[in-house]
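Colleague: I should like to learn how the features of a fold are read from a model. May we take them one at a time?

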Amino acid sequence: MINVTLNKKASTPMNVLCIGCHSDDIEIGCGGTVLRLAQLYPGSKFHWVVLSAIGTREAEARRGANLFVSSDCLEGPILKDFKDSFMPFVGAEIKGVFEEMKRSVSPDLILTHNRKDAHQDHRLVAELTWNTFRDHLILEYEIPKYDGDLGQPGLYVPLPTDLCQKKVDYLMDVFASQRSKRWFQESTFMGLMRIRGMECNSPSGYAEAFYCRKLVL
Ligand SMILES: [Zn+2]
């Protein structure tokens, strides 16, 4: 196992593009990493894009972005109104959103969905991320779900315990519309981070993990 830092000069701010299908995906998949990067690279910009944020979920997406990223570091959020679970049927329109993103952002790091995710919306967005951004570091986050699609990610971000707790507190507070789902619980989120922390010998015991399909050193 090797440890790398994303940026040699720890103080150099980064441009991070966070892409999520639904209003809680970014926060669940990489909320801890976003909080950590903001600590490690002060002044970084986080471009925040959510493709399906409608009605109550739009308000939740907006609040989530504003809690996880301070106002001076947040670019957006850009919130779209594509219908949940129907994204593969409007792929051309979503590709248009990606082309728009490409024109306006030059990210050092992109956090997006995993191409082997069991949710069809998530898979489409993973594909379009790779299809649009051709010379970028892309990390794919994981979302626990009923379908059971967790695999073996190979890139880990160890996280301090208090930061994991902050992530989960925010999740439970912001996404009230999801609390009725049986899996949307503190123990699910802490449990997954605990397992990923075990796998990378995280000092705190907690981590988030990502799939990195291509890395240029
Ligand atoms: Zn989702």
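**Reading the sheet and its helices**

Modeller: Strands S1 and S4 are paired in the parallel sense, with three bridges between them. Within that pairing, Cys18 stands opposite Leu111 in S4. Please bear in mind that this is a predicted model.

Colleague: Which residues of S4 are buried on one side, and which on the other?

Modeller: One side of S4 carries Leu109 and Leu111, the other Ile110 and Thr112; these are all buried, and both faces of the strand are thus covered.

Colleague: In which sense do S4 and S5 pair, and over how many bridges?

Modeller: S4 and S5 are parallel partners over four bridges. Leu109 is found opposite Leu137 in S5.

Colleague: What is the order of the strands in the whole sheet?

Modeller: A sheet is read by following each strand to its partners. Here the order is S3-S2-S1-S4-S5-S7-S6, an open sheet of seven strands with mixed pairing. Strand S3 (74–79) and S6 form the edges, since each pairs on one side only. Neighbouring strands in this sheet are turned against each other by 25° on average, direction ignored.

Colleague: Which helices pack on the sheet, and which strands do they touch?

Modeller: Helix H2 (residues 56–68) packs on the sheet and touches S2 and S3, its direction making about 165° with that of S3. H6 also packs on the sheet, where it touches S6 and S7, and its direction makes about 80° with that of S7.

Colleague: Where do the antiparallel pairings of S7 lie?

Modeller: Strand S5 (residues 137–141) runs antiparallel to S7 and is joined to it by two bridges; there, Glu140 has Tyr211 as its bridge partner. Strand S6 (residues 155–158) also pairs with S7 in the antiparallel sense, over four bridges, and Val157 stands opposite Glu208.

Colleague: How many residues of S7 are buried, and which way do they point?

Modeller: For a strand, one reads burial together with the direction in which each residue points. Strand S7 (residues 207–211) is mostly covered, five of its five residues being buried. Ala207, Ala209 and Tyr211 point one way, while Glu208 and Phe210 point the other way.

Colleague: Why does Asn201 count as exposed?

Modeller: Exposure is judged by counting neighbours, and a residue is exposed if 12 or fewer other C-beta atoms lie within 10 Å of its own. Asn201 counts as exposed because it has 11 C-beta neighbours inside 10 Å. Asn201 lies in the loop between helix H6 (186–199) and S7. From C-alpha to C-alpha, Asn201 is 9.8 Å from Tyr156, although the two are 45 residues apart in sequence.

Colleague: What span does H4 have, and which of its residues are buried?

Modeller: Helix H4 (residues 120–132) has 13 residues and reaches 18 Å from its first C-alpha to its last, close to the 18 Å expected at 1.5 Å a residue. Its buried residues are Asp121, His122, Leu124, Val125, Ala126, Leu128 and Thr129. These pack against several elements, including strand S1 (15–22), strand S2 (45–52) and helix H3 (91–104).

Colleague: At what angle do H3 and H4 pack?

Modeller: The angle is about 45°, and the axes of H3 and H4 are 10 Å apart; H3 and H4 are therefore oblique to each other. Their crossing is right-handed. The contact is made by Gly91, Ile94, Lys95, Phe98, Glu99 and Lys102 of H3 with Leu124, Leu128 and Thr132 of H4.

How values were computed. Residues numbered from 1 in each chain as written. Predicted model: local features only at pLDDT ≥ 70, side-chain atom pairs only at ≥ 80, totals over all residues. Buried ≥ 20, exposed ≤ 12 C-beta atoms within 10 Å, placed from the backbone. Pairing = 2+ DSSP bridges. Expected span 1.5 Å × (residues − 1). Contact = placed C-beta atoms within 7 Å. Axes fitted to C-alpha atoms, helices over the stretch in contact; angles between N-to-C directions. Parallel < 35°, antiparallel > 145°, perpendicular 65-115°, else oblique. Left-handed = near helix turned anticlockwise from the far one by under 90°.
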